[in-house]
Structures are given as structure tokens and as C-alpha cells.
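Here is a short report for a reader who is new to this structure. Please look over the sequence and the 3D view before reading on.

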Amino acid sequence: MDTIQAEGPKEEVVVVNTGCCHDCGGRCVLKAHVRNGKVIRLESDTGPEPQIRACLRGRAYRQRLYSPDRLKYPLRRVGERGEGKFERISWDEALDTVAYELKRVKAAYGNAAILFLPGAGNQGLLHGPIMPGMLLQEFGGFTRFWGIPSYEGALFASMATYGTIRTGNSREDLLNSRLIILWGWNPAHTIWDPETNLTLAKAKEKGIRMVAVDPRYTDTAATFADQWIPIRPGTDAAMLAAMAFVIVSEGLEDRDFLNKYAQGFETYRDYLLGKEDGRPKTPEWAEPITRVPAKTIADLARAYATQKPAALIAGWGPARTAIGEQYARSAAVLCALTGNIGIPGGYAAGFMRAYSSREASHLQKKDPTLKIDKSKGIPSSNPVENGAPPRPYSLYKLSGGTNATSARIHQSLIWDAILKGKAGGYPADLKMAYIVASNCLNQYPNANLGAQALKRLEFIVIHEQFLTPTARFADIVLPVNTFLEREDIAPPWLGSPYYIYLNKAVDPLEETKSDLEICRLLAPRLGIQNDFFNLSEEEILRLFASRRKDITDFEAMKRDGVLKIKLPEPIVAFRDQIRDPEHHPFPTLSGKIEIDCDHIKEMNHPRIPSVPKYLSHPEHYDTPLAEKYPLQLLTTHAKTRTHSTLEMVPWLKELEVRGVWINPVDAAPRNIRPGDWVDVFNDRGRIRVPAYVTERIMPGVVNVCQGGWYNPDENGVDRGGCANTLTRSEPSPGGAFPMNSALVQVERAPQEQDG
Amino acid sequence: MSRIGFYFDQTRCTGCYTCVVACKDFYDVEAGRTGYLRVLSIEKGVFPDLFVAYLFSPCWHCEDPPCLKACPAGAITQREKDGIVVVDPGRCLGRDQCPEKCKKACPWDAPQFGPQGDAKMEKCQLCLERWEEGRKPVCVEACPLLALDAGPLEELRKKYGEGQGAVGFKPLWRFRPSVVFKGKKPPAPY
């Protein structure tokens, strides 16, 4: 008989159709093989195409589910905040304490003193922060943040230019392109919808030319691109302006398209030609800024303008910079200049959402009588922010995705707001934090400032699965189960028409509970009588599903664990606007693509010009600070994590490219050899990580994948390699997060650790 | 006999390592140990002229397996019906006793041993138990790029061609490894 490895006696194995729903660029099919109440392995989609195959993150999930580090019982802090010393308490004691503190803070300071920090750790419709948010709303409301690090710059640009975030095409439509530009976009690691990488492979096989613009030679560039153009971080808008200059000065712009569908071309042309500042934005002007040869810029501009249809995919990473909106706006405007919008094979850049049932009616013309004047106050179901006037630099006149209320604090300023309160110009004095599915200390900029701020609060409660760096600061830690231990529905990410139904695979471990159960137990303690929290998971999911017209067969979705929706034709954003502009205006104030944006013009802010411009900022490569800290820091996504989630999974940990990426040209003069322990530091903090010396990053630039767990030693050196120990916390006025705009120095560290 | 083997499309491989994790999950290979398949990364050149490729690297189930000849205990055999090279841990002498003659004989490092001195050889057996259930190897069913396939070699050749080269693959065809490649175009010499 042949030997069979690793197979025990045959007991019945049940396959549970479920899925993966952390905050990466996919929601993928998982098939949990369960024996005796335990997941013994996870497989994925082998069914009809298009398959929704999980990546390594999902395949490794068993080690997260059964990690010895999972939180099992409610905990109460006994040491100092951040010290990580806790004692086990009962659920009753924990929930009584949380309820007492909520009521105490409300009575003493009012609801605005309650800071709610919902995170993206769970992307299901039901679990995660959704129910706690509803509960706190019924309790009288809370203060929260606006702005999402991933995309806020791209979102602002998308809204300003197009009036919507639905600017993406179905991925399969890329096969209609003649040229695809992958700008700051690395789906090999970030997934960007499960079918994206396979589609890029098919595009390559079809002979479609692909060009990657990125400071790193990413796996996406290495696998798919015919040409790699390394670019200095934070200068993307300069290269895009120079491309636009070439197109305009050579008469390659699509004048008919611009006349018909866009406004403000002339103003932008004046900027390009240097009529405002005397500096024409030529490729020669851009070369020393971007470090891209002028000829390379000009060649790409001509190719993009003449090889129609061409898709410019503007990744979010370059918009995660100090003035990131300008890059994202410049990219969208380049799409308009070349008329690559609304046609198969083209692409509009922008936010790039393609499919969403929730926003199915978003692009339809609004009934003007239903419009309310938001200038006096914006309605909200959160009593604390209801009626607050719009934030000065918000796109409040547009509908959807504008984060307009002034009652919220930009996420990157939360730590400053805790420390300064109303005296610092913030809307509230914050006294307690209610944190759900968020490792905010780790994932907001400037972690050391965050640690200071969290020590100042009177009370912190967190719903968590692991003792994260954030959880270490909590007074009460409520242990939450994972998506394999409860029911949920995961809507798709940005572009694909499908839903994942997450059937419960196994019972919750130890004493863990779902976020819904926690709310169910907390509601009566807060005096909230709402039967909604007493509904079962499935009842709530049926209710949610009934509001989505694309969920046509709940039973089949639950049975199969996935609902793949067939669209009559691939999505092409703005197809209707281009075909029939009279009946389908763009949802901007003017009804046109706003190269020159009316809404921004009213703001009259020098850092948000009404046409996109290349701007420097106080921590750019050309500022005095660069003499002290000469290296530009990128904080990209690791393929082995979803942000800081999955950090503790050994199968993934061993595959991680550890440490700071640094080019040999920068490593050699610093006496740094591959694998050496090095310190990466600036005025905000210092991390100690191994050196990954590689040609795959351009000289002058270093990269630390974000998500490593903040772990300061007694000298304040972060041994966990958290990228945000180094990042800036000043947002752009439009909301872009400066995660890729920090300057740092790197030096060889004592080699006492085991590399 | 219908020999079965692998197909690997190197031009599609992004180096995501989903196959590696799927294999470890299926066979319960803990972290820190080399699994039954590896993905090798090949990086060449100097900024900005770079070349990167990945090479899927399981056991290639050679028609003339060097490991089989090297094994002093007759623990390695080849299945008559499909050519899968299998190991009988009961006969394997163990890591230190042998020591690791099969691993040394294999140009592709397919045989693996655990950390203990008496660890028996383990390696990719082409998921032979899955074939019996009508399923392909777990790595093949895991690959998000559909860059992997497995099946009778004649069928693979009919479907994918006769490709024999991949960047980073040691071309020791004299052992007749059971694989069809779609290789990445090698870089120009730097």
C-alpha cells in the first residue's frame, strides 16, 4: 500500500462554505473542512468561473483561528496602560464596568466625550463595528473620525473631478485596452478584487503593453509590466503634469471630448504652460523632480494619448502622501485629456469602485426638490453630530463619500485631539474610547503620539481577537470571535459582482462572543430597549439582504457560501454619461468632469488648487529637513498581512520579507549588510528592524511594510517595526493621509538581536 | 502506465506563495519547517534594469529518480500506475542515520527532513490521496493565477506544449522530471 502522509483515521469531515473577510482587497471563498468541531484545513474556490480563490492570507487562517495568542476571556487591566498586564474577569463584570463608564462619562461630560473608533478589521455586513455603532447611537451618540488612510486622497479627488467614487470598470474590461498603466498599484500584494491578477496575466498573454510606475520593482511590475518606471515618491503629480504638457503642446488632447464633457481645460492648460508661475511643466522640468528621464515621460505621454483605448489605473498609494489629492486629481484629468473615459478599454482613474449594489442608484439624477441645503447643518443619525455645519474644506455640496460634517476629527489628528480637546480647536474634549475591530494605535500615523494620547483617557474598552498594541492600552478587553465562528455576509470590495456568505464553521472558542452578542448584553445595561439586538444573526442578515436588490436568492447564497452575479455587460464607468450626456450629466455641480473644480474654487485654499498641481510640503525631499533625514519612507502593504491583522500567523510570518527595504547604494555608505539590524528613525520615533538590501527599491527611498506590531522597548525603540512610529500625522486639507511622506535616516544598530 | 506530472506557468507566477501555504495547511507542516513544495525567487540585475522570477519547486517525480537510486534502504519507490515517487517512512533510516542521501542526490532539494535526528524523509507525493477522490493536488487547486496544473504528462503536453525551460530550474533532464513549463523569458545578460 502507498504511504499517505498526514492523514489520520477517517472520521466524517464536513465542508462548511464560508469566506474570508478582513480588510484586504478581496473577500474570498473559503471551504472549511471541519472534523469533530475543529477546522482541520481550509480550501477555496474550485467551482464555476470566475473563481474567487483565497490568497495565502486566507489559506493560513487556521493558524489565526487556533492561535495560542487568541483572547479567550474578558480582561481587566492591572498594570500601566501599554504594559500589557491584565487579569481575567467574568463577562458580567466586564460588561457592568463598560456600562458604568459609558453612563458616567455621558453624565459628567456629555456624549461628545465618548470617542468611538470603529476599525476595518471585519468587513462583514453584520459584525465588527456596525452593531456597536448602532448601540452607541441609541445611547445618545459619540464623536468619531473622518478619513480612511487607504484612500482619502483618492476619494477627495474622485469626488471633486467626477462627483462620484464609482469610476472603475469591470476588471475583465482591461482586456479591451491597448495600453495599461499600473501607477503605484501592486495588486499582486494588495489583491484589488480577487480576479485582478488573473486578468492582468490574461492581458499580458493577449499582448497588451503594460507599464508600471512605482518606486519599487513590485511583484506586479516584475510579473506583468513590459516597462518599469521608477519614480521618486510624492512627485507623481509632477510626472503627470509633464505628460499632460506633452499631450497639450503636441495637440494630442481629445478636444472634442473636452468640449463636450469637461470644464476647466483652459485653466489647466495655463498651469501646464507656465502662464501662472512662469514654469512650463515640461518633461525637462519634471526630470530632476521625479528622477524619471524626460524622454521616458514624453514617450509614455505620447503612447497613452495615441494608443486608445488605454487604461490608467491610479493606485491609492501615491495618494497616501502629504498632498496626495493632487496626484489623484492629475491622473483623473489625464484620463479626460485623452478621452479615455466611458469607453471599453479606457479607465477613469479616480476612486475606482466598479460594482456596488449599495450605490446602484448613485449616478442617477437626483430629484432637485429632495436636495437639502447642507451649508447650515448636515443631518446625521448620530445625535452628537446631527445638524453640525459642514467642514470648511469638504465637498459638502456633493452627495456621497464626502465626509462633510465638522463634528468629526480627521483620523490622523485623533491623538492630537485627545491631547488638546476643544482648546486645540477640536469639536470635543474626549474622555473615553470605545474601540472595535481597530488596531488604531498601530495603524494611525505617529504611534508614539498615540501612546501618549491613550494614556490620557479616563477609560478605554476594546473588542478584540488578540492583545494588539492598542488592546494593551485598554482598561477592559472584550474577546471577540472570528469570522469562522459566526454568520455574516461579506459584500465585494471595489469591482466584482458577488457576495460571500460566511457560514459559521465552528463554535466560538472559549468565552469569545460576537460583536452582536456583546451589544445584546450591553443594551439593557445601558437602558436601551431595542429588540433588534435580540434578533438572530441570520434574521438580521436576511433583513440586510432584503434591502439589496442584487441578492435574489438568499437560500442559494447561504447554501453555496457565495453568490456570483452575472452582469448583462461589463461595467464601464460613465458609459451613459458619454453615450448620452444630455440625459446623464456627471454628478458634479456643473454636470461635467471638473478639471477646474467649482467646489474647490470656493474653498480658496492654496493647498487645494482648483486645478491639480504639483506641490511640495514640509517633509518633501527638497526641504531643509532632508539634510537631516535624507531618505524617503514608503509604508506599503505586506502580502503576508492585511494591515496589522494576521501579524501573529506563523505560516505567514515565515514568508514575510522582514525589515526595511534599502538599495545597496544607500546601504553601503552606512556599512549595512543584508540582514543587519538597523534603526530607521526621525524626530517622531525609531524602529529597529533587519535590513532587506535590494535593488528592487530606488536609491534614496526606503520601505517598511505597514502593519508590524508597535513594541517600544525601555529606550523607546520600537522593536515591532511599526511603520507608523515614523509617519507624519498632519493630513492634507482634502484629507489625504501622509503615510508615504515621512523623511527618515537609517543607521546600523547594535547587532545584539538574533537576525 | 500513464505518468502524471506538473505544469507550471512561470510567466503568471507573482510569487504569492499561496501554493506553499495551502500545502502546509493540507499536510499540517508547521512553520519553520520546509514544506513539500517551495517557491524560489530569482532576482538579477542592478537598479533600474532588473529581472525577477519565481520558480515553483515541488518534487518532479522523475522517471529516473536519483533519490530512489541513492536510498540505501529501498524506502523510495515509484508507483507503477502513475509514476508518482513515494516514500515509505517505515523503511527510511532517518535523517542522521542515513544521512540524507536522497536529499543530496536530488538536484531540486525535494526530499525534506524534520528537525529531529530520527526524522523520516517527507516530500511532495503529488497529493496522491486527492487523485483517488478525483481532485487535483492542493497547490494546483489553490493557485489564484491558475499557473499550475497536474495530470497525465501526455495530456499536459497536448494542452500546454513541450516547454522544458524555466528560469532558475536546473535542467537535469536526464532524470526525466515529470514537468511541462511555460518559462519566463530569461533576462538579457547584464
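The text below covers confidence, the contact between the chains, one set of strands and the build of chain B.

**Confidence**

This is a predicted model. Chain A has a mean pLDDT of 94. In that chain, 96% of the residues reach 70 or more. Two stretches of chain A call for caution. Residues 1–8 have a pLDDT below 50. Beyond near neighbours in sequence, that stretch has 14 contacts in the model. Residues 359–368 of chain A also have a pLDDT below 50. Here the model shows ten contacts beyond near neighbours in sequence.

**Where the chains touch**

Chain A gives 38 residues to the contact, and chain B gives 35 residues. On the side of chain A that touches chain B, several elements supply two or more residues each. They are strand S3 (38–43), helix H1 (56–59), helix H7 (196–205), helix H8 (219–224) and helix H24 (650–653) of chain A. What kinds of residues make up this side of chain A? There are 18 nonpolar, seven polar and 13 charged residues.

**A strand with two partners**

Now turn to strand S23 of chain A, residues 677–682. S23(A) pairs with strand S24 (residues 685–693) of chain A. S23(A) also pairs with strand S27 (residues 742–748) of chain A. The table sets out both pairings.

| Pair | Direction | Bridges | Residues opposite each other |
|---|---|---|---|
| S23(A) and S24(A) | antiparallel | six bridges | Phe681(A) and Arg686(A) |
| S23(A) and S27(A) | antiparallel | four bridges | Val678(A) and Arg748(A) |

S23(A) and S24(A) form a hairpin, with two residues between the strands. Phe681(A) of this hairpin stands opposite Arg686(A) in S24(A). In S27(A), Arg748(A) is the bridge partner of Val678(A). As a rule, side chains in a regular strand alternate between the two faces of the sheet.

**Chain B**

Chain B holds six helices and seven strands. Along the sequence they follow the pattern β-α-β-β-α-β-β-α-α-α-β-α-β. Why can chain B be called as compact as a globular protein of its length? Its radius of gyration is 17 Å, close to the 16 Å that the globule rule gives for 190 residues, so chain B matches a globular protein of that length in compactness. The C-alpha atoms of chain B fill a box of roughly 50 × 35 × 35 Å, taken along the principal axes.

How much of chain B is buried? Of its 190 residues, 47% count as buried. Contacts in chain B also span the sequence. Among those with a separation of 6 or more, 60% join residues 24 or more positions apart.

Methods. Residues numbered from 1 in each chain as written. Chains lettered and ligands numbered in written order. Predicted model: local features only at pLDDT ≥ 70, side-chain atom pairs only at ≥ 80, totals over all residues. pLDDT = per-residue confidence, 0-100. Contact = placed C-beta atoms within 7 Å. Nonpolar A, V, L, I, M, F, W, Y, C, P; charged D, E, K, R; others polar. Pairing = 2+ DSSP bridges. Rg over C-alpha atoms; globule rule 2.2 N^0.38 Å. Buried ≥ 20, exposed ≤ 12 C-beta atoms within 10 Å, placed from the backbone.
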